[in-house]
Number of protein chains: 2
Amino acid sequence: MKEHVHDAARRAREAAAVLALATRADKDAALIAMAEALVQSTGRILEANDADVAAARADGTPENVIDRLALDEGRVTSFAQGVRDVAALPDPVGEVVRGSTLPNGLELRQIRVPMGVIGMIYEGRPNVTADAAAICLKAGNASLLRGSRSAARSNAVIVEIMREAVAATGLPADVVQAISAEDRSTATHLMQARGLVDLVIPRGGAGLIRTVVEESTVPVIETGTGNVHVYVDADADLDMALDIVINSKTHRTSVCNAAESLLVHKAVADEFLPRVVAALREHGVVIHGDPAFMAVDPAVQAVTEEAYATEFLASEISARVVGSVDDAIAHIRRYSSGHTEAIVTRSLEAAHRFTRGVDSAAVMVNASTRFTDGGEFGFGAEIGISTQKLHARGPMGLQEMTTTTYIVTGDGQVR
Amino acid sequence: MKEHVHDAARRAREAAAVLALATRADKDAALIAMAEALVQSTGRILEANDADVAAARADGTPENVIDRLALDEGRVTSFAQGVRDVAALPDPVGEVVRGSTLPNGLELRQIRVPMGVIGMIYEGRPNVTADAAAICLKAGNASLLRGSRSAARSNAVIVEIMREAVAATGLPADVVQAISAEDRSTATHLMQARGLVDLVIPRGGAGLIRTVVEESTVPVIETGTGNVHVYVDADADLDMALDIVINSKTHRTSVCNAAESLLVHKAVADEFLPRVVAALREHGVVIHGDPAFMAVDPAVQAVTEEAYATEFLASEISARVVGSVDDAIAHIRRYSSGHTEAIVTRSLEAAHRFTRGVDSAAVMVNASTRFTDGGEFGFGAEIGISTQKLHARGPMGLQEMTTTTYIVTGDGQVR
């Protein structure tokens with residue numbers, strides 16, 4: 001299996017060298033061809049997907065996992081449109097990041113160039129296959145796509161269709177390759193193909209991400225773990241606070257930017273706790289609260305250290321009353337995964353202290369945590385949300401899929 | 001030892017949280033105090049350094065290693081001045097990288113913030129201790145400095161002096177800490193303190209860097225391996241080419257931006273090879289050449305695959321005649337470590353093809369490879385030269401020691 005993965009990576013490197021010299025027009029033509037082919041081949045894709053779904057059902061896979069796996073005409077049209085949308089975005093490659101003329105006359109320019117070969121290791125959803133291939137290609141990178149075994153037939157067909165479409169426009173088909181998911185070891189070989197693969201991005205549950213971070217010798221960008229907090233300050237507009245807490249927690253519970261923990265300043269606890277507890281319960285949210293929350297409603301369960309540290313991804317929330325904005329910051333610094341935090345306040349001082357004090361990829365002031373998203377941020381495409389500090393932090397778009405190089409032009413300068 | 005390292009990292013995290021809120025004025029005051037204290041304590045530093053040098057001599061350490069270890073008044077003054085220079089640089093923290101107002105009225109700003117805790121693992125030179133501490137501090141980061149055992153006494157005294165100076169200005173002393181080098185395992189514990197340390201930067205030989213890359217679970221920036229090429233094109237000004245080859249190879253052989261390999265277009269081989277071989281030999285450079293080079297001078301040794309792949313860091317060079325700029329690019333893509341390459345040419349087309357075709361951190365057009373350097377690039381300070389593509393590529397200054405965060409300000413927006 002190692003040779004299978006490394007051979008694919010070598011072909012990807014060669015294809016990436018060609019792709020790096022392609023113009024934006026070349027790349028957009030390939031993307032549009034991919035989108036059209038995906039739509040035209042919807043029948044083939046759904047046939048393969050039906051087989052994946054049937055096999056998953058036969059294995060007793062839970063229905064919520066089946067739902068992520070299953071495609072229909074609408075979902076295919078939607079990810080094909082996603083590929084077309086990527087074509088419409090500006091090309092990050094060639095952007096001059098900075099430049100200057102040095103005292104000795106050397107002209108220095110730092111410009112964006114493709115990373116090279118990007119490995120994606122992901123679970124469930126077959127739409128990630130098209131998304132990831134498109135974003136990598138637009139930024140001039142070859143992609144090695146290692147999806148889950150459960151979606152293997154769907155992914156194989158989607159990749160085959162995209163490769164044919166790319167090749168028909170004159171770019172090498174090997175800019176997009178599927179890595180077999182039959183054997184668990186292919187993921188390991190992919191993340192240890194140092195020198196052949198420039199970057200690995202895991203997308204999936206906490207277990208997958210931890211494995212990749214621990215086992216990879218290729219540089220990794222960690223994505224998507226969100227133990228997200230909303231802090232309601234002493235100076236909060238409590239109607240706004242209620243809206244933001246409910247939206248952050250209940251708009252969609254299974255996503256990484258959903259709130260998992262609520263902190264309330266003691267000065268507004270008497271007024272706010274009964275309101276927020278009632279509203280959360282009305283939305284079916286289980287509350288793990290401190291004694292102040294428990295005193296409001298007997299349905300509030302006693303919070304534990306573990307609950308404070310948990311990303312529920314479900315209709316559950318931990319809740320605590322804090323003595324000050326600094327106490328809120330200290331709690332967040334201790335338990336947060338560094339994804340997104342929100343403060344609701346009318347105080348400029350509290351907002352300033354909070355935004356500077358927490359250490360997370362995104363900080364919302366008087367807005368729902370659900371806005372941490374490449375689409376909402378206007379990036380046009382998103383390949384994941386980085387929760388690490390190196391290279392990319394927060395929603396990652398096309399720029400984050402590039403590196404830079406320094407071009408230095410002289411007329412014979414020596415030292 | 002693990003607890004020793006992790007306790008230091010925890011103290012560093014607390015200190016970093018305070019440092020993150022410090023103003024530029026606070027940080028510059030600490031840096032200037034550090035610089036003054038280093039100069040005033042030159043006697044103490046040299047005493048400790050004498051003991052390190054004596055112990056190294058007793059161990060039979062080679063003189064070139066002793067030379068890197070040994071300090072004198074001039075060297076102390078020089079690294080103290082380096083600390084002062086860092087104080088004079090602009091503060092990268094708080095810089096707005098991008099910003100926009102989203103359609104729903106949310107105000108989005110991406111701003112530079114400190115990384116947090118940075119671990120440095122380095123060899124030989126005690127000046128790195130002061131350099132690294134200053135650069136980390138200016139960018140708002142706490143540093144954990146793990147130097148070599150041979151410099152342990154010098155490093156301990158330098159760190160102690162800096163800590164006292166920092167504390168006297170009111171910032172926590174724990175923004176600068178030495179990690180004991182008595183035991184090899186402290187380096188391992190440092191690079192595996194995931195969640196406590198945000199970034200590890202190894203500085204030293206290829207062996208050290210490989211170990212850190214393979215064993216670290218903390219994100220790493222790889223530095224400094226330079227298998228650097230100079231390509232003399234068919235359209236080169238051969239006088240300029242000779243200057244650039246000689247300067248790139250011989251100005252300083254032990255540094256990562258020194259040339260290690262020479263490629264010459266066949267069209268100018270007859271004229272250029274005798275000149276460059278004579279000049280290199282005059283500078284005492286051993287040439288590992290292909291048959292064309294060997295035909296020029298019997299002293300040219302037969303080149304091997306291994307020689308093409310070697311970073312000599314000495315008065316040796318591999319040399320080959322190539323058929324085209326594309327052949328030169330293919331050779332470089334195969335053997336280069338991705339640090340720096342140079343082309344000498346009068347042809348705009350060749351320059352364009354070369355700069356786009358090679359895949360390295362810096363590409364020189366008609367200039368010596370020795371210019372790949374934070375000081376030469378005008379960054380004012382350099383913590384190393386990254387040869388990886390993630391986060392930082394090429395010389396790293398203060399900006400590269402920061403990450404970013406998104407601050408999103410609204411008036412109650414929900415999704």
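The following dialogue considers a helix pair and several salt bridges in a predicted model.

Biologist: At what angle do helix α3 (residues 42–58) and helix α7 (residues 152–168) of chain B pack?

Modeller: Their packing angle is about 160 degrees, and their axes lie 7 Å apart. Angles over 145 degrees count as roughly antiparallel, so α3(B) is roughly antiparallel to α7(B). The crossing of α3(B) past α7(B) is right-handed.

Biologist: Which classes of residue make the contact of α3(B) with α7(B)?

Modeller: The contact has 8 nonpolar, 2 polar and 5 charged residues. Among them are B:I45, B:A48 and B:D52 of α3(B), and B:V157, B:I161 and B:E164 of α7(B).

Biologist: How should one read the salt bridges, and how many does the structure hold over all chains?

Modeller: Side chains of opposite charge can pair when their charged atoms come close. Over all chains, the structure holds 48 salt bridges. One of these pairs the side chains of A:R275 and A:D239, at 2.7 Å from N to O. A:R275 belongs to helix α11 (residues 269–282) of chain A and A:D239 to helix α10 (residues 238–250) of chain A, 36 residues apart. A:R275 is partly exposed at 31% relative accessibility, and A:D239 is partly exposed at 49%.

Biologist: Where do B:E376 and A:R415 lie?

Modeller: B:E376 is in the loop between β13 (362–367) and β14 (384–386) of chain B, and A:R415 is in the segment after β16 (402–413) of chain A, so this pair joins two chains. Their closest N and O atoms are 3.3 Å apart.

Biologist: Which residues are linked in a network of salt bridges?

Modeller: A:R13, A:D198, B:D359, B:K389 and B:R393 are linked in such a network.

Conventions. Residues numbered from 1 in each chain as written. Chains lettered and ligands numbered in written order. Predicted model: local features only at pLDDT ≥ 70, side-chain atom pairs only at ≥ 80, totals over all residues. Heavy atoms only, no water. Axes fitted to C-alpha atoms, helices over the stretch in contact; angles between N-to-C directions. Helix = DSSP H or I, 4+ residues; strand = E, 2+ residues; numbered from the N terminus. Parallel < 35°, antiparallel > 145°, perpendicular 65-115°, else oblique. Left-handed = near helix turned anticlockwise from the far one by under 90°. Contact = heavy atoms within 4.5 Å. Nonpolar A, V, L, I, M, F, W, Y, C, P; charged D, E, K, R; others polar. Salt bridge = Lys/Arg side-chain N within 4 Å of Asp/Glu carboxyl O. Buried < 20%, exposed > 50% of the residue type's maximum accessible area, 1.4 Å probe, protein only.
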